[in-house]
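User: I am new to this structure and would like to go through it in questions and answers. Please explain the terms as they come up.

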Amino acid sequence: MNDQAIEQEIQVKGLSAPRVTPEDLKANIVGEYFFTAADGVQAAFNSQDELTRLTGAHGELALLIFCVLVLRNGFTVTGESACASPENFDAEIGRKIARQNAEQKVWPLMGYALKQQLHEAK
């Protein structure tokens, strides 16, 4: 069951107390960045990492995609996706999975913030 299906079920059941919605989550994201582990290693080549410069990068690093989400308050969360079989690698699918994994980390953060807000309102 995805986030939208859960939200629809909540609405059908008439549950209307304060909660974090998928729309709230999306509105809280002000930036998204994608890169592969290979991109990170390439940046290390240009830094002072002598070992990386000498040994080179493993090709498999191109199969690991990271997503960094920047939230409205400046906090960042990450998600990742890794492909076991290079023949199945699809960058677009990898980015979608990495973003979804990052979004799953935002839910508890926003839930905590809402709970704190409700607590302080008492």
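Analyst: Helices (H or I, at least four residues) and strands (E, at least two) are DSSP runs, numbered from the N terminus. This is a predicted model, in which local features need pLDDT of at least 70 and side-chain atom pairs count only at pLDDT 80 or more, while totals for chains, interfaces and linings use all residues. Residues are numbered from 1 along each chain as its sequence is written, and side-chain values use heavy atoms, with hydrogens and water left out.

User: Which residue with a positive phi follows helix 1?

Analyst: Helix 1 covers residues 3–12, and Asn-2 caps its N-terminal end. In that cap a side-chain oxygen of Asn-2 lies 3.1 Å from the backbone nitrogen of Gln-4. After helix 1 comes a residue with a phi near 70°, and this is Gly-14.

User: What is the strand order in the open sheet?

Analyst: Two strands pair if DSSP finds at least two bridges between them. Strand 1 (29–36) and strand 3 (76–82) each have a single partner strand, so they stand at the edges. Strand 2 (residues 64–71) pairs with strand 1 over seven bridges, and seven bridges also join strand 2 to strand 3. The pairing is antiparallel and the order is 1-2-3.

User: Which residue is the bridge partner of Val-68 in strand 3?

Analyst: Strand 2 and strand 3 form a hairpin with four residues between the strands, where Gly-74 takes a positive phi near 95°. Across the pairing of these two strands, which run antiparallel, the partner of Val-68 is Thr-78.

User: Which side chains of strand 3 point to one face and are buried?

Analyst: Buried means under 20% relative accessible area, exposed over 50%, and partly exposed in between (1.4 Å probe, protein chains only). In a regular strand the side chains alternate between the two faces of the sheet. Thr-76, Thr-78, Glu-80 and Ala-82 of strand 3 point to one face and are not buried. The buried ones, on the other face, are Val-77, Gly-79 and Ser-81.

User: At about what angle does helix 5 run to strand 3?

Analyst: Axes are lines fitted to C-alpha atoms, for helices over the stretch in contact (heavy atoms within 4.5 Å). Angles run from 0 to 180 degrees between N-to-C directions. Helix 5 (residues 91–121) lies across strand 1, strand 2 and strand 3, and its angle to strand 3 is about 140°.

User: Which element gives the largest share of the largest nonpolar core?

Analyst: A nonpolar core is a set of buried Ala, Val, Leu, Ile, Met, Phe, Trp, Tyr and Cys residues joined through side-chain atoms within 4.5 Å. This one has 14 residues, of which Leu-25, Leu-69 and Val-106 touch the most other members. Strand 2 and helix 5 are the elements that give two or more residues to the core. The largest share, six residues, comes from helix 5.

User: Is Asn-28 buried or exposed?

Analyst: Asn-28 is found in helix 2 (residues 22–28). Leaving aside neighbours within four places in sequence, Asn-28 is in contact with Val-70, Leu-71, Arg-72, Val-106 and Met-110. Because its relative accessibility is 11%, Asn-28 counts as buried.

User: How many disulfides does the model have?

Analyst: A disulfide is a pair of cysteine sulfur atoms within 2.5 Å. By this rule the count is zero. Cys-67 is in no disulfide, and the nearest cysteine sulfur, that of Cys-83, is 17 Å away. The number of disulfides is therefore zero under the 2.5 Å rule.

Terms used:
Polar contact = N/O pair within 3.5 Å; in protein donor to acceptor, adjacent residues only side chain to side chain.
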